[in-house]
Amino acid sequence: MGTHIAYLITQKTLGKVIVYDSNQLSLEKSKATITDIGQKAIGKAKLLDSEFASMLSRLTFTNSIDSVSNCDLVIEAIFENLAIKQELFAALDKVMPNHCIFATNTSSLSVTQIAAKTKRTSQFIGMHFFSPAHIMKLIELIPGLDTSTETIAKIKDFSQQLGKEVVMANDFPGFITTRLGLVLINEAIYTLMEGISSKEEIDTAMKLGYNHPMGPLELADFIGLDVCLNILNRLYEGFSDSKYRPCPLLKNYVAANHLGRKTGSGFYDYSRST
Ligand SMILES: NC(=O)c1ccc[n+]([C@@H]2O[C@H](COP(=O)([O-])OP(=O)(O)OC[C@H]3O[C@@H](n4cnc5c(N)ncnc54)[C@H](O)[C@@H]3O)[C@@H](O)[C@H]2O)c1
């Protein structure tokens, strides 16, 4: 996500962008991906060589947090783990200038809880991009409990400058998109478990009947079944409502390490394509 967000911002604005990742291998992969996306765009005549060269001149990569100290905006896209995100923001809070706004790309954690470990809760917001971020049209903005109207207005403007459509959501588990998406996926897994239909027919029904580009079971395999289970657990605990209880069949797949595309099998078999 971070790579695509960096590409998007460098393409749409003239600001400088620093990609910070603690893992050097991830940074190398990020550089290679950005080169690949740029070359493909040039090949399709969507980007000029000179524009791409200018983009690259404004983009730097680092694995040292000490070299990211003077920013106007931080967009965090690290692991989906509350403690890890809180720790990073607490460290950044000490070194960033007072005017710097913090945004998290979390899909399911509480923005208010992440912000709470900083001293700039009024300048903290959820900025939820969709994958791949340089192509998908939506940004879901999630103000935390103490986010100021000024911060909301600035990040809304910035999102529109990136060419995105903005939807606003209050800071409750799953916001709009993660909640609705995961409820559909969970219900599709129950439909499969209860023998209502086969996996292929469940996916075909939603693709042709509702015009969804992917069926919910294919989508679950794409997202990762462990990620789906974690999010459902957060919805279940966050609302204390049994309607979000994760399907036992999903739990079994995760226990058996059939996590979807990334492990070669989930609801579907990907062993020949991985
Ligand atoms: N993948 C998606 O489709 C998607 C969509 C929307 C939002 N998100 C959210 O975006 C975030 C990132 O997701 P992803 O799929 O890109 O994850 P990923 O695992 O592909 O990438 C996370 C990167 O963060 C780095 N990292 C981890 N801890 C770090 C730390 N403390 N300091 C610096 N770098 C660190 C890792 O090295 C890794 O390169 C998550 O919060 C996720 O919920 C993901």
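Domain bounds here come from an automatic or database domain assignment. For this protein, that assignment gives domain 1 (2-168) and domain 2 (177-263), and their C-alpha centres lie 28 Å apart. The model is a predicted one: local features need pLDDT of at least 70, side-chain atom pairs count only at pLDDT 80 or more, and totals for chains, interfaces and linings use all residues. Residues are numbered from 1 along each chain as its sequence is written.

Let us start where the domains meet. There, 4 residues of domain 1 are in contact with 4 residues of domain 2; contact means that two C-beta atoms, placed from the backbone, lie within 7 Å. The side of domain 1 that touches domain 2 has no nonpolar residues, 3 polar and 1 charged. In this scheme Ala, Val, Leu, Ile, Met, Phe, Trp, Tyr, Cys and Pro count as nonpolar, Asp, Glu, Lys and Arg as charged, and the others, Gly among them, as polar.

Next comes the ligand, surrounded by 18 residues, each with its C-beta atom, placed from the backbone, within 6 Å of the molecule. The closest are Met-1, Asn-23, Ser-26, Ser-107 and Ser-131. By class, this shell has 8 nonpolar, 8 polar and 2 charged residues. Ser-131 also takes part in a cis peptide bond to Pro-132, with omega near -5°, and Pro-132 is in the loop between β5 (124-128) and β6.

Helices (H or I, at least four residues) and strands (E, at least two) are DSSP runs, numbered from the N terminus. Strand β6 (residues 138-143) pairs with strand β7 (residues 165-168) in the parallel sense over 4 bridges, where pairing requires that DSSP finds at least two bridges. One bridge joins Leu-141 to Met-168 in β7.

Helix α1 (residues 2-12) is mostly covered, with 9 of its 11 residues buried. Buried means 20 or more other C-beta atoms within 10 Å of a residue's own, exposed 12 or fewer, and partly exposed in between, with C-beta atoms placed from the backbone. The buried residues of α1, including Tyr-7 and Leu-8, pack against β1 (17-20), α2 (24-43), α3 (49-57), β2 (59-62) and β3 (73-76).

Finally, a look at the loops. Most residues other than glycine have a negative phi. Two exceptions are tabulated here.

| Residue | Phi | Loop | C-beta neighbours inside 10 Å |
|---|---|---|---|
| Ala-45 | about 60° | between α2 and α3 | 7, exposed |
| Asn-211 | about 60° | between α8 (199-210) and α9 (216-223) | 7, exposed |
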